[in-house]
Amino acid sequence: MHKRITLKLKIKPGAFLFWAGAFFTCICFVTMVWGKATNVNLPTMKTRQNSYRLVWADEFNIDGAVNARKWAFETGFVRNHELQWYQDKNVYCKKGHLIIAARKTHEGNPGYEAGSIDWRKRRKFIEYTSGCIKTAGLKSWKYGRFIMRARINTSTGLWPAFWTLGEKSEWPSNGEIDIMEFYRQKLLANIAVGTSQPYKALWFSKTRLIASFNDPLWSTRFHIWRMDWNEQYISLYVDDILLNQQPMRSLHNTDGSGINPFKQPHYILLNLAIGGDNGGDPAETKFPNKFEVDYVRVYQKHLRN
């Protein structure tokens, strides 16, 4: 005959709460890890907070021409006495990347006019071709988080950029933001407003030498450039390193109008320039060359209830 043994466990209320809490924490942790591993959308607590949501993007995942619903092209000699002739065939998508290709050439300038005082027309030949795309006339945004993941070649004479311009007014009174600009071995994070002198900007600029990253392979890697632009500040980053931050209250045109050109929608430009006023001499640089973009994304804040 077996004796029935009864175990009586006495658990204090405090100990019960401790072990119950520990069990609940373990369950939450396992659920979170499982959810991430299986890509399951787990329910979130609804709290009243400002958060970013994606409002526009191009991932460049379809090989061939860029999406004409998202991008327009610049053509010809455009600005800064740059050496390149912009044309659409230098811009294409391949293996998930946007490629803006710079090539060396020697061909006649179709806009050439002997004796012209316009630098665009007095050049008899085109020595380089490249590309510039922009969202002007298609999409623009007022405030938000603008992000680009890209790889830039840091050879002498190359001048890649990821930047914005305001919809209204002539440059620079429409406002310019250079989220990423490179030339002469340095990154630039620039903001420009207009002055009383036509086509002369007041610059709020910060620079950082590529050498300061202490990475000899820096130009072989992809990096992330970001702008956070809101009612208080414009902040410009590379790989989460703050390069430049300016308060909106300081960014008024100094032409007497008092207009802040960053309180209007801006459109995006991506380009690879060569030489010109700032790019340097490309004579020793190998061509063809390229500016590679993995993605461009725009986020804006919305109020969640």
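The legends below describe close-up views of a predicted model.

**View 1. The whole chain, with 3 helices and 17 strands.** The chain has 305 residues, and 43% of them count as buried. It exposes about 17,900 Å², of which carbon and sulfur atoms supply 54%. Among contacts between residues at least 6 apart in sequence, 69% join residues at least 24 apart.

**View 2. An open sheet of 7 strands.** The strands follow the order β2-β7-β16-β9-β10-β11-β12, and their pairing is antiparallel. At the edges stand β2 (72–73) and β12, each with a single partner strand, so one side of each has no neighbour in the sheet. Strands of a sheet pair through backbone hydrogen bonds, either parallel or antiparallel.

**View 3. The pairing of β7 with β16.** Strand β7 covers residues 132–134 and is joined to β16 by 3 bridges. The two strands run antiparallel. Lys 134 stands opposite Leu 269, a residue of β16.

**View 4. The largest pocket, with a volume of about 720 Å³.** This pocket is lined by 27 residues, and the closest to its centre are Arg 79, Asn 80, Trp 163, Trp 171 and Glu 176. The elements that give two or more residues to the lining are β9 (158–166), β10 (176–183), β11 (186–194), β12 (201–209), β16 (266–274) and α3 (276–279). By residue class, the lining divides into 12 nonpolar, 6 polar and 9 charged. Strands β9, β10, β11, β12 and β16 also appear in the order of the open sheet shown in View 2.

**View 5. The second largest pocket, with a volume of about 170 Å³.** The residues that line this pocket are Asp 58, Glu 59, Phe 60, Asn 61, Ile 62, Ala 65, Val 66, Asn 67, Lys 70 and Cys 93. They divide into 5 nonpolar, 2 polar and 3 charged.

**View 6. Ala 68 in the loop between β1 and β2.** Strand β1 spans residues 49–58. Ala 68 has a relative accessibility of 60% and therefore counts as exposed, the cut-off being over 50%. Its C-alpha atom is separated by 9.2 Å from that of Leu 138, although the two residues are 70 residues apart along the chain.

**View 7. Two cis peptide bonds, at Pro 172 and at Pro 288.** The bond from Trp 171 to Pro 172 is cis, with omega near 5 degrees. Pro 172 lies in the loop between β9 and β10, and Trp 171 is one of the residues closest to the centre of the largest pocket. The other bond joins Phe 287 and Pro 288, with omega about 5 degrees. Pro 288 lies in the loop between α3 and β17 (289–304).

**View 8. Positive phi values at Tyr 143 and Asn 214.** Tyr 143 has phi near 70 degrees, a positive value in a residue other than glycine. Its place is in the loop between β7 and β8 (144–152). With a relative accessibility of 15%, Tyr 143 counts as buried, because buried means under 20%. Asn 214 has phi near 55 degrees, again positive in a residue other than glycine. Asn 214 is found in the loop between β12 and β13 (223–229). Its relative accessible area is 68%, so Asn 214 is exposed.

Key. Residues numbered from 1 in each chain as written. Predicted model: local features only at pLDDT ≥ 70, side-chain atom pairs only at ≥ 80, totals over all residues. Heavy atoms only, no water. 1 Å grid on protein atoms, 1.4 Å probe; cavity = no way out; pocket = protein on both sides within 12 Å on 5 of 7 lines; lining within 4 Å. Points joined across faces, edges and corners; volume = space filled by probe spheres on them. Helix = DSSP H or I, 4+ residues; strand = E, 2+ residues; numbered from the N terminus. Nonpolar A, V, L, I, M, F, W, Y, C, P; charged D, E, K, R; others polar. Pairing = 2+ DSSP bridges. Buried < 20%, exposed > 50% of the residue type's maximum accessible area, 1.4 Å probe, protein only. Contact = heavy atoms within 4.5 Å. Areas by Shrake-Rupley, 256 points an atom, 1.4 Å probe, with all protein chains shown as cover.
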